[in-house]
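Please read the following report alongside the sequence and the coordinates shown here.

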Amino acid sequence: MTAAPVLALRGVSKRFGAVQALTDVELEIHAGEVVALVGDNGAGKSTLVKTIAGVHPIDDGVIEWEGAPVSITKPHDAQNLGIATVYQDLALCDNIDVVGNLFLGRELRRRGVLDEVEMERRARELLTTLSIRIPSVRIPIASLSGGQRQTVAIARSMLGEPQLVILDEPTAALGVEQTAQVLDLVERLRERGHAVILISHNMADVKAVADRVAVLRLGRNNGVFKVAETSQEEIISAITGATDNAVTRRAARTGEARK
Amino acid sequence: MSTEHLADSNPEAPADAIPAVDPRLLVREEGFSGYLQEFLRKMKAGDLGSLPVVIGLVIICSIFQGLNSNFLSAENLNNIAVTMVATGMMAVGIIFVLLLGEIDLSVGSVSGVSGAIVAVLSVTHGMNEWLAVLIAIASGAAIGAIHGFFFARIGAPAFAVTLSGLLFWSGFMLQILGDQGTINIDSDGLVGKLTTYYFSDVAAAYGLAAVAVGAYFVGSFFDSRRRQAAGVPSRPIVEVALRTGVLAVFAFGAAAIFNQYKGLPLAVLLFLVALVGTDFLLRRTGFGRKVFALGGSVEASRRAGISVTGIRITVFAIAGTFAAIGGLFWASKIAAANQSAGAGDLLMNVIAAAVIGGTSLFGGRGRTWNALLGVMVITSIQYGLALEGIATPIQYMITGAVLLATVVIDSVTRKTQKTAGRA
Ligand SMILES: Nc1ncnc2c1ncn2[C@@H]1O[C@H](COP(=O)(O)OP(=O)(O)OP(=O)(O)O)[C@@H](O)[C@H]1O
Ligand SMILES: [Mg+2]
């Protein structure tokens, strides 16, 4: 990992009116690496994702792409760099069918006209490869279950050649098998040399696939840990900001109860 | 990365082991009973399509025919077809705006401005009529773009911007018409011919019907073939033939009616061209896809890299353009530009035509072909009531009630579709 990181955030800050959502956040991510981003509700994880994806331009700080500073002010900037994002709220259009959503914003054209046949073929191929089961690729997103929508959103980020894939709680609505598939997918992305930022509240998932864990707390960095060398308790205390917290108290209580 | 590579590195999931189709998906059975079942299922899901309108149209026509046997005469049907084009063109434009989930209340006034511009430039100032028409249409586009700018760029609600436009542009029209108030238009000129010219050769109407049916069949046939070649679901050839057959019945039926009177009206031809063109734009191009996306979710569209402001301004410019075109047909029909152009129930009729045809007021659902069905309903009602000698106040009340009824249908459909997971 001597090469320049694919993406580096240097002192990034973001304000929403009176809320200082991010303060001087630092983050580095290299090719072939999975970085988990964890933190409590409202810690600023999704906000960080959106600044990288160009949804909310940053107020202060620098974003570096492969060592060079870049300005990401709109979603297109991020897409052009090769950043693909699965948002927590999915960002799908309910009235458009699965194929249309997968290719939204980068439709395939044939002689200037939408190439529905080719898009449908590739969509089916992609969904099959990702073992995604949905009733049909020609039904509107509105008729899919929450988990199915999530898999469609994930599939969308796999189209094209993303160098960095950001997954904001991708497994939140998924069943056991689908979660395992997404984690498999994350590992495959890493094997193929892509960088992945994975946001999750599930420590087991994080420990299973991530190389490093970056903790955000109240919009600030609160430590970066190598997964292999860190215990779950250490990460949790970094998330909650104290050794004495709800999780440890509960663990102690259930421990006593068992005795 | 390409999907193939993902497949390579995942040996447990060979590409063809898991079908992308869920076994629970209700697949249509073969044959006629399959069609019937799917049809009933769609009805239950609130996926009514054009059916309520077609039934409504049949009922309306039967009632008026019962009251006055002249209603279904070739001449009357022909007059309806020509008259409806002005409102229909405006409805095409407003459908673009409705697809965004917005509204344009200024189309009536803008149509009046367009008629006035042509009249003043060509009649009062003696300008070449083609040039005057071009200027009028361009003015409509510019006016629409101005509305779009205030909505998309400044962030003012579209209904408020276009409501201001409604008053502003009708004032503007009165201003340029000047003291005389009415400017007569040469009925042999370009604008005059819009609604008075007929292709009297019977071959014209039948030829157009044949071309339309043929083009539809060839298009669907090759689409089906390409889909088969690509291994994605395609329409069976029987279904393509069946659909072509239905289209042929309507196309040649309409052609026969036109030929019984004076032949194919130029206005109807131009309206059909506008419908085919805008339908293509909305359903086959990237621009159209973006319009639908914005109607579904503005935030999702923005994150997909769609230029929300640009699309919105363009859509309002399109609405303005079609309002101007509608204004030309209006001026042509009354052979004048006058102070009452664009006023009265015109705006209501335009919105009603779009909504009756099946365009949702909630955005993201509709086609420009909806304008054809909707405007047929609205114009038939007007003509039927006029034949019966029913006065304007009652006409207004009936049109208002019809619009309310369709809005109710739209809202109920949306609810059923929600529970059936289709909206
Ligand atoms: N568009 C916005 N406008 C104003 N404040 C916002 C906006 N988006 C986020 N915030 C604020 O920023 C803070 C961080 O929110 P964010 O969504 O990034 O949290 P998160 O870490 O993703 O939480 P969760 O785990 O619940 O998804 C919160 O206090 C939130 O209220
Ligand atoms: Mg979040």
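The report below covers the overall form of one chain, a metal site, and two buried residues.

This is a predicted model, in which local features need pLDDT of at least 70 and side-chain atom pairs count only at pLDDT 80 or more, while totals for chains, interfaces and linings use all residues. Residues are numbered from 1 along each chain as its sequence is written, chains are lettered from A and ligands numbered from 1 in the order in which they are written, and side-chain values use heavy atoms, with hydrogens and water left out.

Chain A contains 9 helices and 12 strands, where helices (H or I, at least four residues) and strands (E, at least two) are DSSP runs numbered from the N terminus. Along the principal axes, the C-alpha atoms of chain A fill a box of roughly 65 × 45 × 40 Å. The radius of gyration of chain A is 19 Å, which agrees with the value near 18 Å for a compact globule of 259 residues; this radius is taken over C-alpha atoms, and the globule rule is 2.2 Å times the number of residues to the power 0.38. Of the 259 residues in chain A, 56% are buried (buried means under 20% relative accessible area, exposed over 50%, partly exposed in between, with a 1.4 Å probe and protein chains only).

The magnesium ion (ligand 2) has the protein donors A:Ser46 (OG) and A:Gln88 (OE1), lying 1.9 to 2.1 Å from the ion. This pair, 42 residues apart, links distant parts of the chain. Donors are N, O and S atoms within 2.8 Å of the metal (3.2 Å for Na, K and Ca), and sites may look incomplete because water is not among the atoms.

| Donor residue | Location in chain A | Relative accessibility |
|---|---|---|
| A:Ser46 | helix α1 (residues 45-53) | 19%, buried |
| A:Gln88 | loop between β6 (83-86) and α3 (98-102) | 41%, partly exposed |

A:Val215 belongs to strand β11 (residues 212-217) of chain A and is buried, with a relative accessible area of 0%. Not counting residues up to four places away in sequence, A:Val215 touches residues including A:Val38, A:Phe225 and A:Ile235, contact meaning heavy atoms within 4.5 Å.

In chain B, B:Asp104 is found in the loop between α4 (74-99) and α5 (107-124). B:Asp104 is buried yet has no salt bridge, and the nearest side chain of opposite charge, B:Arg312, is 13 Å away; a salt bridge is a side-chain nitrogen of Lys or Arg within 4 Å of a carboxyl oxygen of Asp or Glu. Leaving aside neighbours within four places in sequence, B:Asp104 is in contact with residues including B:His147, B:Thr162 and B:Phe316.

Notes: Lys and Arg count as positive and Asp and Glu as negative; His and the chain ends are not counted.
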